[in-house]
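Visitor: I am new to this structure, and I would like to understand the terms used for it. Could you show it to me and take my questions one at a time?

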Amino acid sequence: MYTSTETQAVASRVTAQVAVRRPGARRTARREAVFGYLMIGLAVAFVTVFTLIPILVSLGLSFFSWDVITPPQFIGVKNFTRLFSDGQVLSSFGVTVLLAVGIVVLQISLGLLLAVLVNSRKHAWTKAFFRTTFYLPLLASTAAVSIFMGYLFDAKFGLINYYLGELGLPAVPWLVNPVTAQITMVLIVVWQQVGFTFVLFVASLASVPTDVLEAASIDGAGTWRTLFRIKVPLISPTILFATVVAMINAMQLFDQPFIMTKGGPGTATTTATISMYQTGFQNLQFGYASAIAILLLVIILLITGVQFLAARKLVFYQ
Amino acid sequence: MTGSFGLDMDRRTLLKLGGAGAALTGLAALTACTASGGAGGSGSSGALKMLYFGQQSAATTLQKALEPQIKKIDKSASLEITGINGTDWNDFIAKVLTQIAAGSAPDLVSVATEGLQQMAAKQMIVPLDTYVTKDMSSLQSYFDDVHPALVESMMYQGHLYELTDSFNAGSMFYSTNLYAKAGLSAPAAGWTMDDFYNNAQKLASLGSNTNAFDWVVRLWGSWTSFLYANNGNLLEEGKYSGGDWLWNKAYAGNPLAQGRGGGWKWGQPTANATPSVEALEYVIELQRSKLSPSPDVGGGGTLQGLFASGRIGMTIGGGFWAGGLHNAGMKTGSFDVAPFPTWKSNKSLFGAGGYGIFNTSQKKDLAWEVVKMLVQPETFDIVYPGNVTTPARKSLMTADRYKTTGPEHWSVFWDQLNGSVPISAPPYYQALATSLNQRTTQALSSGNAKAALDGMQSDLEKAQANS
């Protein structure tokens, strides 16, 4: 195995030999290199402009008091000290974590279950049908889905309560009771997002070596044992990836609760991002809103870090 | 593969170049922020920019109607009106502020009672005192036509910030069809909360598809209407001193102008005072007794749809409901309006609208000319086609106006202004609105009005301290 220095040395020698053999090779290599850097450059520029700079600006702004209209005033760490004593904002972080855990657990387990079921289908067309069906909600606009779901789950005239009534069942206060509102929110997000994890798992399950499955079968492993002892460990890197992505998305939950409940009833669905929006764009405290954003970023980083640490023991790399 | 692309550029050089690029991009972004964030508004040349609360199509129509008149004043001037949609004023204000934050401040902006004190307190809009004083003779016909309560609601700390062109008072709309089915006659003048409750019970007896009463959680016309009728408010009511410069000239000898001041001064929060608790408990009780369903938060589209489809007996609405219900397919005569029922008082609420001139505008004089155009009688139907709000000018409130849309008792809108108080929108209105939404839904879901209002009291005290 080469070290990186050795690799570079070998590459340099090869490049040099090529240059000796063909006079135009160096120019070609240079052109390719420029093209390569351009490709990387685009991604770097995109991430810099749309992620890195906003994060840095937010970080800077979190040390200021700024209402958009008057010039920002430096106030040191006051926004952060206020943040850690602001019960409402801290409660929004609690709501965020609660909803995120519910969403991730359900999204991963349901995605896996659906993927296993679809993979067990023999006909290719049924697999294609289910793959498309489960993925479709992901393509819909979250705002449109939220408005639609708001009507569907409306306690007064919603279709769901209407059919419950037809069945002689009592109406459920889907979005007007704190607990049911949180559960409804989780269900709606999972309904829309499960297609993502499902597609990942379908692809990953398809790549599980058949000889391993055959060996397990010969050894007498049943369906469940094969699933939990063979398939799940083999696709655990995909599960880790899906969990991390789902958790990051869930921690930034905004559209659904904002459109459907405005964060209510009470503060039952007021997530950290809604809190951030209200602080910044409604109360005109952009410095404080930036502090909330920075705290959310740190929490997401911490959770992601914990997930990777746990993965060291739980994820099996072939 | 190696770590490089074969060019004589090592990783360190790449990082240096990347860093320089990022720094340049950042610098460019910061420059952009500095250039646009501070000043805002259009320069002394270019179009006069106006933000309008509504569809862009309506904004364009208005622009086409006003531009020829502006050209008469200044041939080189032009008008650019941008329509901004929003579910309610809260949403609209947030979008306007976002636009300002992005460095694109307008010259003129549509501002309702909800945002007036906030914008005035932050000196985003300028007082019109000198302009009004200068043009008092030409404006006298306007003041003669407009209720002083509406003008006072556009004042802050003794200064007038807008000439109101529209308002909406919280009256009680009712379905005449459902009233007839329930064997009810139209509410009598001076009807009380007991009458309201009895009517609601009879409407509820029509069946589970009928909601006797429905409402929306917001500051204007929600349980706050009950609070006002209960002689309470979310904040202590007071008046700023000043304003004599206007009252003594524009409203000299007008008895309705007696006791007017320099605008409404919203004092200490009284969110958990007895009248507030009683009012919120009243609407909770309506829900508990199945006389009212759980209300939506913000906007009124769903409520309007339900009312238009004959599923709601009564709801709180203003003049805007006339056009709204007509556009939703309701025929004239299928709905009517009554004043809000009397409880411990007959105090009701209203909100008014108008246009404020931005402090950063380089064309304030021209903007003032546009403000005057906007309050001309002939402009009203261009700005607000189809009775989607109530005209501030009494002369525009005629039977002919409401002939096609209804309601029959349209005069209620104006009559209710006597003894009414504007919605309590202090400079920290946004925080108040957020708390009102959260605490109201908390009370409705928990059934505990007092605990929720204690929370609101604390929210408002904090918001007031931070403002």
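Visitor: What makes β8-β13-β7-β14 of chain B an open sheet, and how is it paired?

Guide: In this predicted model, four strands of chain B lie in the order β8-β13-β7-β14 with mixed pairing, where a strand is a DSSP run of E with at least two residues, numbered from the N terminus, and two strands pair if DSSP finds at least two bridges between them. The edge strands β8 (211–214) and β14 (335–338) of chain B each pair on one side only, and the twist from one strand to the next averages 20 degrees. Local features need pLDDT of at least 70, side-chain atom pairs count only at pLDDT 80 or more, and totals for chains, interfaces and linings use all residues. Residues are numbered from 1 along each chain as its sequence is written, while chains are lettered from A and ligands numbered from 1 in the order in which they are written.

Visitor: How do you know that β8(B) and strand β13 of chain B pair?

Guide: Two bridges would be enough by the definition, and three bridges join β8(B) to β13 (residues 312–317) of chain B, therefore they count as paired, and they run parallel. D214(B) stands opposite T315(B) in β13(B).

Visitor: Why are V89(A) in α4(A) and other residues there said to meet α13(A)?

Guide: Residues are in contact if their C-beta atoms, placed from the backbone, lie within 7 Å, and by that rule V89(A), S92(A), F93(A) and T96(A) in α4(A) meet A272(A), I274(A) and S275(A) in α13(A).

How values were computed: Axes fitted to C-alpha atoms, helices over the stretch in contact; angles between N-to-C directions. Contact = placed C-beta atoms within 7 Å.
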